[in-house]
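Work through the exercises below with the model open. Try each task before you read its solution.

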Amino acid sequence: MTDTLDHGDVRGARRDHASWGNDEEEGFRRLTHDEAQRLRAGIPQVSPWRVVAAQAVAGLVCWAVVWLVTRSGGAAWSALYGAAAVVLPSALLARGMTRGTRSPVAAAAGFMFWEMLKIGVAVAMLVIAARVVPGLSWPALLITMVVCMKVNWVALAWRARGR
């Protein structure tokens, strides 16, 4: 069995670029300040500091698991360093993003700056890992980093649970 698609009149599906900002379009209405505030209040927000804290907890759990499984100081230090390589740059980003700004352009530029700084610090920490961590275990470091990064998805679960 094959499904057929009724294409209908495609002229209505295309928009003229000049009409994109038109407030009189069908089905579009600007929200008042009060309506926008009520909409924002209905969407649960997750603090970036809560995500950083969850990443730190996940890193400590990985460190403990690595220590219990391997009984190797090098692997345990590697796991701890892997957690730090995620948590410290994330804390920098959270610090930068929680600073208030009134301008949307400044907020976007600030986000790009802090995100690039976060990536740069994480890469720098990986570059110096072999010199800083005695008995470096790359698998322990990288697995811990991946686990800590995936904690960001837990934030979405917290947000969805709040609805």
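**Exercise 1. Set out the fold.**
Give the order of the elements, then the burial and the contacts of the chain.

*Solution.* Step one: from the N terminus on, the protein chain runs α-α-α-α-α-α. That makes six helices and zero strands. Helices (H or I, at least four residues) and strands (E, at least two) are DSSP runs, numbered from the N terminus. The model is predicted: local features need pLDDT of at least 70 and side-chain atom pairs count only at pLDDT 80 or more, while totals for chains, interfaces and linings use all residues. Residues are numbered from 1 along each chain as its sequence is written, and side-chain values use heavy atoms, with hydrogens and water left out.

Step two: of 163 residues, 25% count as buried. Buried means under 20% relative accessible area, exposed over 50%, and partly exposed in between (1.4 Å probe, protein chains only).

Step three: take the contacts with a separation of 6 or more; residues 24 or more positions apart account for 74% of them. Contact means heavy atoms within 4.5 Å.

**Exercise 2. Find the largest nonpolar core.**
State which residues make it up and which elements give two or more of them.

*Solution.* Step one: apply the definition. A nonpolar core is a set of buried Ala, Val, Leu, Ile, Met, Phe, Trp, Tyr and Cys residues joined through side-chain atoms within 4.5 Å.

Step two: list the members. The largest core has ten residues: Tyr81, Ala83, Ala85, Val86, Met125, Ala129, Val133, Leu141, Met145 and Cys148. Two elements, α3 (73-97) and α6 (138-161), give two or more residues each. The largest share, four residues, is from α3.

Step three: look at contacts, leaving out residues up to four places away in sequence. Ala129 touches Tyr81, Leu136, Trp138 and Leu141. Ser78 lies in helix α3. Ser78 counts as buried because its relative accessibility is 0%. Its contacts are Val133, Gly135, Leu136, Ser137, Ala140 and Leu141.

**Exercise 3. Examine helix α4.**
Compare its span with the expected value, then sort buried from exposed residues.

*Solution.* Step one: α4 (residues 104-127) has 24 residues. From first C-alpha to last it reaches 34 Å, close to the 34 Å expected at 1.5 Å a residue. The expected span is 1.5 Å times one less than the number of residues.

Step two: Trp114, Ala122 and Met125 are buried in α4. Their cover includes α3 and α5 (129-132).

Step three: Met116 also lies in α4. Met116 is exposed because its relative accessible area is 59%. Met116 and Pro89 are 27 residues apart in sequence, and their C-alpha atoms are 9.9 Å apart in space.

**Exercise 4. Inspect α2 and the loop after it.**
Describe the nonpolar surface patch, then the backbone of Arg71.

*Solution.* Step one: Val57, Leu60, Val61, Trp63, Val65, Trp67, Leu68 and Val69 make a nonpolar surface patch of about 760 Å². Patch residues have over 30% relative accessible area and no salt bridge, with nonpolar side chains (Val, Leu, Ile, Met, Phe, Trp, Tyr) joined within 5 Å and like charges within 9 Å. A salt bridge is a side-chain nitrogen of Lys or Arg within 4 Å of a carboxyl oxygen of Asp or Glu. Areas are Shrake-Rupley values with a 1.4 Å probe; for residues, only the protein chains shown count as cover.

Step two: Val61 is in helix α2 (residues 48-70). At 47% relative accessibility, Val61 is partly exposed.

Step three: Arg71 is in the loop between α2 and α3. Arg71 is not a glycine, yet has a positive phi of about 55°. Most residues other than glycine have a negative phi. Arg71 is exposed, at 55% relative accessible area.
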